[in-house]
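Subject: Model for you to look at

Hello,

Here is the model I promised to pass on. Please open it first; my notes follow below.

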Amino acid sequence: MNPEELKTTCAYIASELSRIETVAGTLAMIEREHYNTLNRFDHRELLEVAVEAQSAARQLGMVKHVCAELVQRVADLQKAIERQGGAGHAPAH
Amino acid sequence: MLRRIEKWLRAAIDETVDRALVRMVRDPYVESTAEMMATTRKVGGVNATEIMMRAAQGSPVPRPLGSPLHLSPWEKLLFSPVHLCRFPTPENVPIDTAVTIGPRARRPLTVAIPILIAGMSFGGALSKKAKIALARAATLVGTATNTGEAGLLEEERAAARLLIGQYNRGGWLNRPELYRRLDAIEIQLGQGAQGSTPQRTSARQIGPDFRQVFGLAEGEDALIHSRLPGINSQEDFVQLVRRLRDETGVPVGLKIAATHHLERELAVALEAGVDFITVDGAEGGTHGGAPTLQDDVGLPTLYAVARARDYLARQMATGDVSLIAAGGLITPGQMLKAMALGADAVYTGTAAIMALIGDQVTEAVPFEPPTSLVVYTGKLTERLDVDRAARSLQRFLNACVTEMEQVAVTLGRTALRDIDRSDLCALDPVLARATGVQLGLVAPDRQHRLFPELDPETLPEPLPPTGPGVGRPLSLEEVH
């Protein structure tokens, strides 16, 4: 893969990660709503499901967190590729 | 008929108690059983029992679950809710509970909640069923569990999505084919409940499954050395950390018992380039350790966390090196206070075990202790329902984090990791000075009334950071 292709791939990964981050945030919100709804019932099994919904919401929050960190890493990678590309084109001394 | 028996019993008890009370107050103290009340009060119930156990056994009494002493004054720190000076977090705003351990590592470890399951070994401490239940619960809530000082238990690895493994003083997990299967490596040089004391599990307490996981021959004891095998100098330790980081890419950390030498220990750890540090306070639990090691050795968790965070800040390592607090953190309030003082995450052991047993406690009591359901040598380990135990612990962890989130809301924070010392006040002047938390007894701008040196008019210029990370390089001394 040449540097230009690498840069394009990195941009694609970063964009998809941002999309996953958004989806995770939305799903986390939905799970939290489920938790609030289920928690209104005084029913043991529903309360168990509510706990699972809350755990799911937090884990989706974690996915969001991981995505944000990966986006940062991809950005670092892009910068490194650009630097290497720049160095490759620099005149030799 | 029953009523007649009841009447007779009541009369007999009444007469017996009357006589006993009369004898107790009329007899000279030294001839009365009332003497035991005063003596027990003087000696303490636990100490009285352990005196008799020592007298009967002639060897250190392996007390389970750590020291009963409360050395960290968590109750003297309180969170400060906000109303107008800053606004509470709206209830529709989620509280971010995720934490990344070892952000500098090639493959950092991110967990959904900041509570990790503490290192409790298979065999040395817990049964296989208990370890699987802990791993399942951790996976259900999106956190990590820890192998403890053991080999790699395949069932635990399979059940745990995130597994922190202890590179241990027994050497049972220290081979590349084992530690490369971990999500983080914690080099275990000590623990709050036992310091760096060697420990031995006798071969007669080791079953075939234990032998297989630990790679022991039949009749061989499991020995945890005081030093990590092959690590006899600070330079050896530095090289080990660097090798493990290069080989695996996962966060490599150090676990030590918190002591008054804390900063000197951390200096070596930072020099080695660890990704995280676990400080296990004197209140740390264990499956069974000598009472003296538990009660009289180490540094309380609260002060250890505050000192470790201060040191990391002075070395400009905050944010690069994660700090995990362990040792006697029982309630979500204590856990969150440890985080406010500077821990990125906390380990829970004793509370996790109690929650794991949960309502299955009825299987053991009143004739066996609850821990007989979970410890490797327990009589009732086969009765533990793994799924029920995992769900029980999942509910406990969920409740703990929800309580933490509630505090975050009232503090006006949107992430647990954003809660810091400024969200606390201290009720004790010494504690305030030691931890850098403001004293709640006087207004923030009047702190100098109790601490004259904080008077803004006489405050000296802050000193530049010092230490091994700044200025002169750390000298790597040989350990003798």
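Start with the layout of chain B. Its assignment splits it into domain 1 (2-43) and domain 2 (74-417). The C-alpha centres of domain 1 of chain B and domain 2 of chain B are 48 Å apart. Keep in mind that this is a predicted model.

**The sheet in chain B**

Chain B has an open sheet of eight strands, paired in parallel. The strand order is 4-13-12-11-10-7-6-5. Strand 4 (115-117) and strand 5 (145-146) of chain B are the edge strands, each pairing on one side only.

I looked hardest at strand 10 (residues 252-257) of chain B. Is this strand enclosed or open? Six of its six residues are buried, so strand 10 of chain B is largely enclosed by the rest of the structure. In a regular strand, side chains alternate between the two faces of the sheet. Here V252(B), L254(B) and I256(B) point one way. G253(B), K255(B) and A257(B) point the other way. Both sets are buried, K255(B) included.

Which strands pair with strand 10 of chain B? One is strand 7 (residues 184-188) of chain B, parallel to strand 10 over four bridges. In that pairing E186(B) sits opposite G253(B). Another is strand 11 (residues 276-280) of chain B, also parallel, over five bridges. There I256(B) faces V279(B). From strand 10 of chain B the chain runs through helix 9 (residues 262-272) of chain B to strand 11 of chain B, and this β-α-β crossover is right-handed.

Further along the order, strand 12 (residues 322-326) and strand 13 (residues 345-348) of chain B run parallel, joined by two bridges. A325(B) has V346(B) as its bridge partner in strand 13 of chain B.

**A loop residue in chain B**

K379(B) lies in the loop between helix 13 (350-357) and helix 14 (386-411) of chain B. Buried or partly exposed? K379(B) has 13 other C-beta atoms within 10 Å, so it is partly exposed; burial would take 20 or more. Leaving out residues up to four places away in sequence, K379(B) touches E368(B) and S372(B). The C-alpha atoms of K379(B) and L189(B) are 31 Å apart, with these positions 190 residues apart along the chain.

**Chain A**

Chain A has two helices and zero strands. Its radius of gyration is 21 Å, well over the 12 Å that the globule rule gives for 93 residues, so chain A is more spread out than a compact globule. The box around its C-alpha atoms agrees: roughly 75 × 15 × 15 Å along the principal axes. Buried residues make up 24% of the 93 residues in chain A. Of the contacts in chain A with a separation of 6 or more, 76% join residues 24 or more positions apart.

**Where the chains meet**

How many residues does each chain bring to the contact? Chain A brings 12 residues and chain B brings 16. On the side of chain A that touches chain B, helix 1 (3-38) and helix 2 (44-89) of chain A each supply at least two residues. Helix 2 of chain A gives the most, with 10 residues. By type, this side of chain A holds four nonpolar, five polar and three charged residues.

Best wishes

How values were computed: Residues are numbered from 1 along each chain as its sequence is written. Chains are lettered from A and ligands numbered from 1 in the order in which they are written. This is a predicted model: local features need pLDDT of at least 70, side-chain atom pairs count only at pLDDT 80 or more; totals for chains, interfaces and linings use all residues. A residue is buried if 20 or more other C-beta atoms lie within 10 Å of its own, exposed if 12 or fewer, and partly exposed in between; C-beta atoms are placed from the backbone. Two strands pair if DSSP finds at least two bridges between them. A crossover is right-handed if, with the strands pointing away from the viewer, the path from the first strand over the helix to the second runs clockwise. Two residues are in contact if their C-beta atoms, placed from the backbone, lie within 7 Å. Ala, Val, Leu, Ile, Met, Phe, Trp, Tyr, Cys and Pro count as nonpolar, Asp, Glu, Lys and Arg as charged, and the others, Gly among them, as polar. The radius of gyration is taken over C-alpha atoms; the globule rule is 2.2 Å times the number of residues to the power 0.38. Domain bounds come from an automatic or database domain assignment.
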